[in-house]
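Reader: Hey, I'm new to this one. Could you walk me through it?
Author: Sure, let's look at it together.

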2 protein chains.
Amino acid sequence: VDRILATYRLRASRDRARAEAEDVCIEQTVEVHRSLVSEPRFEDRILGRVESLVEIGGGVHEAVISYPQRVTAWQIPQLMHVLYGNVSLKRHVRLEALELPRSFTARFPGPSHSIRGVRAAAGVHGRPLLAAALKPMGLSSGELADLARRLAEGGIDIVKDDHGLADHEFCTFEDRLHAVCEALSSTPTLYLPSITDRFDLLSERVDRALSAGAAGLLTSPLVTGLDAVRFLAGRRSERPMIMAHPALAGAFFSTPDHGISPAVLLGTLMRLAGADMVIFPTHGGRFPLGPEDCRAVAGALRRPLPGLAPALPVVAGGVDVERVPELGAEYGEDAVVLIGSRLYTQSPDVTANARRFASLVRAAAGSRD
Amino acid sequence: VDRILATYRLRASRDRARAEAEDVCIEQTVEVHRSLVSEPRFEDRILGRVESLVEIGGGVHEAVISYPQRVTAWQIPQLMHVLYGNVSLKRHVRLEALELPRSFTARFPGPSHSIRGVRAAAGVHGRPLLAAALKPMGLSSGELADLARRLAEGGIDIVKDDHGLADHEFCTFEDRLHAVCEALSSTPTLYLPSITDRFDLLSERVDRALSAGAAGLLTSPLVTGLDAVRFLAGRRSERPMIMAHPALAGAFFSTPDHGISPAVLLGTLMRLAGADMVIFPTHGGRFPLGPEDCRAVAGALRRPLPGLAPALPVVAGGVDVERVPELGAEYGEDAVVLIGSRLYTQSPDVTANARRFASLVRAAAGSRD
C-alpha cells in the first residue's frame, strides 16, 4: 500500500539536516531511541522514512518523509499526531506539503457537495459565488434576519453567520436560525449558520439547522477539532454543506520556519475532513497572507486529487468590493468571494451594496468569456 | 459582572500600538468597522476594551484587553474565538496572559480530580508522582501489557499509553485496554489509555476504559478540540481522570512574537477545560521550551484560581532518570515526573530502571523534608 508523503522544511546545518530528518521519522511514530526499533516489524511497517533531503537555500533543507498508512489508523486525529503532533514542540520544523495516496483518501468521504453540489444548490454557473456574513455580534436575531433579507435581495448567493455568532443570551442560535431561514425562505440564497458550540451540542445544532431549512453550516475546525467536520459532514442523509472558518489557523503559519503551511492546513486537511468551502484571508486585505500562499491554498482545495472531490476556496479577509475584478482574475470562477463588513459600510443601503458587488462579479466573469 | 482580562503582546511602533490594540478589541468581537458599533449596546456590552497599554521594550507593547463575559456564551469554543480566533491570522499578536474572573470559572467544572484526587487514587503523598509511557507503537497488546506489569513492579504510579497508540489493526484499543488493565489489576498503578480517536468514538472509548478498570484517559486536546476535555471530564458519574497531551501545541508558541503562550495554552485553558494533569516538555530535554515558560505553565496549573481546582504539571519530554533530583527541586512535590523511553534504554531490565527512578524521586523528596 502506498505511503503518505509529508514534506518538512528543516532549518539546520548541512551536518545536522540528515539527523534531524531521521529524528522526525522516530518522533512522529515510535518516540523511542532507534536502538529499540531496529527489528523489521518497526523499520518497514511503523517508522517514517526519509525519501529525499535537499538543501533549498537559506540554511533550509526540505525532507520528504513517508509514513506507512497503518500508523494513522485511517483517522484524522491520529493523522494529525503523525504529521505534526510532537514535532510541533521542536524548533524549525515546518510541514510544508502533503501527498495522500488514493488508497488513503478512499477511506474518507471528503467534500460531499464539492464545487458541483454547491453550484447546483445555489443555482450559480459560470461565475464565482457571492457570499456575505451576518454581523456584528450584538444585533438581535430580527435585525440579522433583516440584513439577510436585504443581502438576498441584492443577489448574494450564500449568507453565513459571522463565526463569532454563538448561542448568545442576546441572540440565541435557535432564534437566529429560524428568523434568518424565514427571511430567506422565498429566495434562492443559501444560509449557513455557525454551529460551533460545546462538543456535545454540535450534532444537534446541525440537525436543527437542516430541519429549519439551512443549507448547511459554518464551523471552525481548529476550534472544534478537525474530525468534527468529517463527522458532521456525514451526520444525516441530507448531508450539510460545510464552510470552514480559519479561526486559530494563523497560529500554525505565523513563521516560515515552523508550523503547518496554509496549503496543507487550510487546503489538503480541510478538504480531507470534508469541508466543501474553506475561508481564507486573501492577500491585500487586512491579514498578512502573501499571494503565493493564497494560490497554494486555492490549489490544494481544487486540484485533482485521486479519491477526493474538490472544494471551493472562499476568498475573504477585509476584501473591498472594488477588488472583485482583480480577485476574479486571480482565483477564477470556481471560488466564493466573501465580502464582510464592506457590504455594510460602503453605503447605508445594504441591498444596493450587495447589487454593486453582484454586478462586479458578473461583469468580471463575463469579461473572461 | 467582571470582565475577562487578556494580555496581548503587540510588536508595533509607539504610534501604531494604540490603534493595533483597538483593532484587537474589534476583530475579536464584532469584526466590523467601528462606525457601525458606536451605540452603547455594542460599546459597553460587546466590544473588547483596552484597559492598559505599556511598552515593555524591544518594540513590543503589552495591551490588557477586557472582554465582557457574555460574548463567550460561557463556552470554550467561543472563548477560543474571542481570545485568539481571528487575530491568529494577523502578525505579531501574542496572547500572553489570561485572567478569568470567578464568576466566569464558576460556570466550568474544571479538574474533577485535581491534585488531591489524583494523589488519593494513586495513594501517593509527600512526593511527586511517577509516570511512564507504554511504547513503542508497533508492539502487540500483550507486549505492552507486559511492560505495564514490569513498570508497576518497579513502583511507577501512573502508566499511560503513548499518545500515538491509536486503535491500530496491529494493536486495537480494546485489546490493549483489557490486556493492560488485567496486567495492572492487582497493583496500585493507575492506567490512562489514550482515547484520542474519531469525534464520534471518544465518548464510547471513555466508557470502555472506565468499565475495564482504567482510572481515566490520555488525550490530545488540541487535536480533539479543547472542549472535548470538558465534555469527557463530566461524562459519567465515575468521572475519568484526565491527562492532557500537548500534541500540536508547539505550533502556538514557536515564536515569542505571535501565538498563545505556553502558560495560557497548556496552563489556564487546559485547566479550565478540566484536565487533571497536563504534560509539557520541560527544559533541558529534547524540546526547546525554556525554564521561564516551564515555570509559567506549572504556575498556571497550580496557582490558586478562584472557582477552579488546581491541576498537576506533568514534567516530560526526553527526561533522563538522573535529572529527577533537579526536577524535584524545581517543580516541587505537586508534580508528575514522566519518564518515557529512558525507562526502556537505561538497562534491559525495565523493572530495575523503574525502581531506580522511584528511589531517586523518594530520595529527592526526603531530602527536602
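**A chat about the model**

Author: Let's start with one residue: A:D197 counts as buried, at 2% relative accessibility. Keep in mind that this is a predicted model.

Reader: Okay, where is A:D197 found?

Author: A:D197 is in a loop of chain A, between β7 (190–192) and α8 (202–212).

Reader: And what is A:D197 in contact with, leaving aside neighbours within four places in sequence?

Author: Its contacts are A:D167, A:L202 and A:R205, plus B:Q75 and B:P77 from chain B.

Reader: How far apart are A:D197 and A:A358 in space?

Author: They are 32 Å apart, C-alpha to C-alpha, and 161 residues apart in sequence.

Reader: Let's try another residue. Is A:H168 buried or exposed?

Author: A:H168 is buried, because its relative accessible area is 1% and the cut-off for buried is under 20%. Its place is the loop that runs between β6 (158–161) and α7 (173–183) of chain A.

Reader: What does A:H168 touch, not counting residues up to four places away in sequence?

Author: A:H168 touches A:M137, and from chain B it touches B:R70, B:V71, B:T72, B:A73 and B:Q78.

Reader: Since chain B keeps popping up, how can chain B be laid on chain A?

Author: A turn of 180° with a shift of 0.0 Å along the axis does it, and the RMSD is 0.0 Å. That is how a two-fold axis relates copies. The same surface serves both copies, as 100% of the contact residues of chain B recur in chain A.

Reader: Which residue of chain B comes closest to the rotation axis?

Author: That's B:G225, with its C-alpha at 2.0 Å.

Reader: Switching to pockets: how much space lies in the largest pocket?

Author: About 660 Å³. There are 34 residues lining the largest pocket, and those closest to its centre are B:R94, B:F253, B:S261, B:P262 and B:D293.

Reader: Which elements of chain B each supply at least two residues of that lining?

Author: β4 (93–99), α11 (262–273) and α12 (291–302) of chain B. By class, the lining of the largest pocket divides into 13 nonpolar, 11 polar and 10 charged residues.

Reader: What about the volume of the second largest pocket?

Author: About 540 Å³. The second largest pocket is lined by 26 residues, and A:R94, A:E96, A:P256, A:P262 and A:D293 lie nearest its centre. Its lining has 11 nonpolar, six polar and nine charged residues.

Reader: Which elements of chain A each supply at least two residues there?

Author: β1 (4–11), β4 (93–99), α11 (262–273) and α12 (291–302) of chain A.

Reader: Tell me about α11(A). How many of its residues are buried?

Author: 12 of the 12, so α11(A) is largely enclosed by the rest of the structure. Among the buried ones are A:P262, A:L266, A:R271 and A:A273.

Reader: What span should α11(A) have, at 1.5 Å a residue?

Author: Its 12 residues should span 16 Å, and the end C-alpha atoms are 15 Å apart, which agrees. Just after α11(A) comes A:G274, with a positive phi of about 115°.

Reader: One last helix. Which residues of α5 in chain A are buried?

Author: In α5 (residues 114–122) of chain A, the buried ones are A:S114, A:I115, A:G117, A:V118, A:R119 and A:A122. Following α5(A) is A:G123, and its phi is positive, near 65°.

Notes: Residues numbered from 1 in each chain as written. Chains lettered and ligands numbered in written order. Predicted model: local features only at pLDDT ≥ 70, side-chain atom pairs only at ≥ 80, totals over all residues. Heavy atoms only, no water. 1 Å grid on protein atoms, 1.4 Å probe; cavity = no way out; pocket = protein on both sides within 12 Å on 5 of 7 lines; lining within 4 Å. Points joined across faces, edges and corners; volume = space filled by probe spheres on them. Helix = DSSP H or I, 4+ residues; strand = E, 2+ residues; numbered from the N terminus. Nonpolar A, V, L, I, M, F, W, Y, C, P; charged D, E, K, R; others polar. Expected span 1.5 Å × (residues − 1). Buried < 20%, exposed > 50% of the residue type's maximum accessible area, 1.4 Å probe, protein only. Least-squares fit on C-alpha atoms with pLDDT ≥ 70 in both. Contact = heavy atoms within 4.5 Å.
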